[in-house]
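The exercises below are to be worked through with the sequence and the model side by side. Each one sets a task and then gives a solution in steps.

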Amino acid sequence: MGLNQINRFTHINGAAIYALDDNGKAESEPSAIDVAITLPVLEFETADVNMMGTLSIVDQTRLGNIQVTASLEADNPQTQKLIGPGLKKWKILWTENILQPNGLSDVIGFQVTCGGYVTSIPEGPKELGSQAVADYAMNCVSITKTDSNNNVYYDVDRSQSKLRVNGIDYRARINELLG
């Protein structure tokens, strides 16, 4: 059995965030550029079962909280398009440098499209004219991550009962039985 070499991601380049309208169309200009983004780690929920003690069993049909965090300029008027009240939709674009097994380097583009409610809005005194950066967290109802090679890493939509990760549809059988 041989060693299976994979691409190594070596550097993440600055991200841009676009506000999406109700139809999923992005504005022509990004609402924020060179943004620090924290993407969610998808974790399945667990359930405790009592059988000769307590066992924690992974429920591969439900995910925990899906949260995206962005560090945005609090005083920028464009930021308000991303954080205002109600359901918000973001398209986040960035590139990553990779080192391939053959020693060559390349750049791959990534995109995350997410929709949800901004639930973490920092408060506190702001100085007039300051460029204060604050972390804003969105609890996602839906999120999809793809790359420039059309690979879909995950596609989750809680309102549509969709849960696909790395090509596996974890809710397919349940959705089939429920109609």
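**Exercise 1. List the residues that Ile 17 contacts beyond its neighbours within four places in sequence, and place Ile 17 in the nonpolar core.**

Solution. The model is a predicted one. Once the neighbours within four places are set aside, Ile 17 is in contact with Pro 30, Ser 31, Ala 32, Val 35 and Ile 37, and also with Ala 70, Leu 72, Leu 82, Trp 90, Lys 91 and Ile 92. The next step is to turn to the largest nonpolar core, which has 31 residues. Ile 17 is among the residues with the most contacts inside this core, together with Leu 72, Leu 82, Trp 90, Ile 92, Cys 114 and Ile 143. In soluble globular proteins, nonpolar side chains tend to be buried together.

**Exercise 2. Find the nonpolar patch on the surface that includes Met 51, and locate Met 51 in the chain.**

Solution. The patch is formed by Met 51, Leu 55 and Ile 57, which together have about 270 Å² of accessible area. Met 51 itself lies in the loop between strand S4 (44-50) and strand S5 (54-63).

**Exercise 3. Classify the aromatic pairs Phe 44 with Tyr 170 and Trp 94 with Phe 110.**

Solution. A search of the whole structure gives three aromatic pairs. In one of them, Phe 44 and Tyr 170 are 5.0 Å apart from centre to centre with 65° between the planes, and the pair is edge-to-face. This pair links distant parts of the chain, 126 residues apart, with Phe 44 in strand S4 and Tyr 170 in the loop between strand S12 (168-169) and helix H2 (172-178). Phe 44 is partly exposed at a relative accessible area of 25%, and Tyr 170 is partly exposed at 22%. For Trp 94 and Phe 110, the ring centres are 5.5 Å apart and the planes are at 15°, so this pair is stacked. Trp 94 belongs to strand S7 (residues 88-99) and Phe 110 to strand S8 (residues 105-120), 16 residues apart. Both Trp 94 and Phe 110 are buried, and with Tyr 153 they form one aromatic cluster.

**Exercise 4. Describe the setting of Asp 34 and Asn 150, and state the phi of each.**

Solution. Most residues other than glycine have a negative phi. Asp 34, although not a glycine, has a positive phi of about 50°; Asp 34 is found in strand S3 (residues 32-38) and is exposed, with a relative accessible area of 66%. Asn 150 has a positive phi near 65° and sits in the loop between strand S9 (133-147) and strand S10 (152-157). At 70% relative accessibility, Asn 150 also counts as exposed.

How values were computed: Residues are numbered from 1 along each chain as its sequence is written. This is a predicted model: local features need pLDDT of at least 70, side-chain atom pairs count only at pLDDT 80 or more; totals for chains, interfaces and linings use all residues. Side-chain values use heavy atoms; hydrogens and water are left out. A nonpolar core is a set of buried Ala, Val, Leu, Ile, Met, Phe, Trp, Tyr and Cys residues joined through side-chain atoms within 4.5 Å. Buried means under 20% relative accessible area, exposed over 50%, partly exposed in between (1.4 Å probe, protein chains only). Contact means heavy atoms within 4.5 Å. Patches are made of residues with over 30% relative accessible area and no salt bridge: like charges are joined within 9 Å, nonpolar side chains (Val, Leu, Ile, Met, Phe, Trp, Tyr) within 5 Å. Accessible areas come from the Shrake-Rupley method with a 1.4 Å probe; for residues, only the protein chains shown count as cover. A salt bridge is a side-chain nitrogen of Lys or Arg within 4 Å of a carboxyl oxygen of Asp or Glu. Helices (H or I, at least four residues) and strands (E, at least two) are DSSP runs, numbered from the N terminus. Rings of Phe, Tyr and Trp (its six-membered ring) pair if their centres lie within 6.5 Å; planes under 30 degrees apart count as stacked, over 60 as edge-to-face and the rest as tilted.
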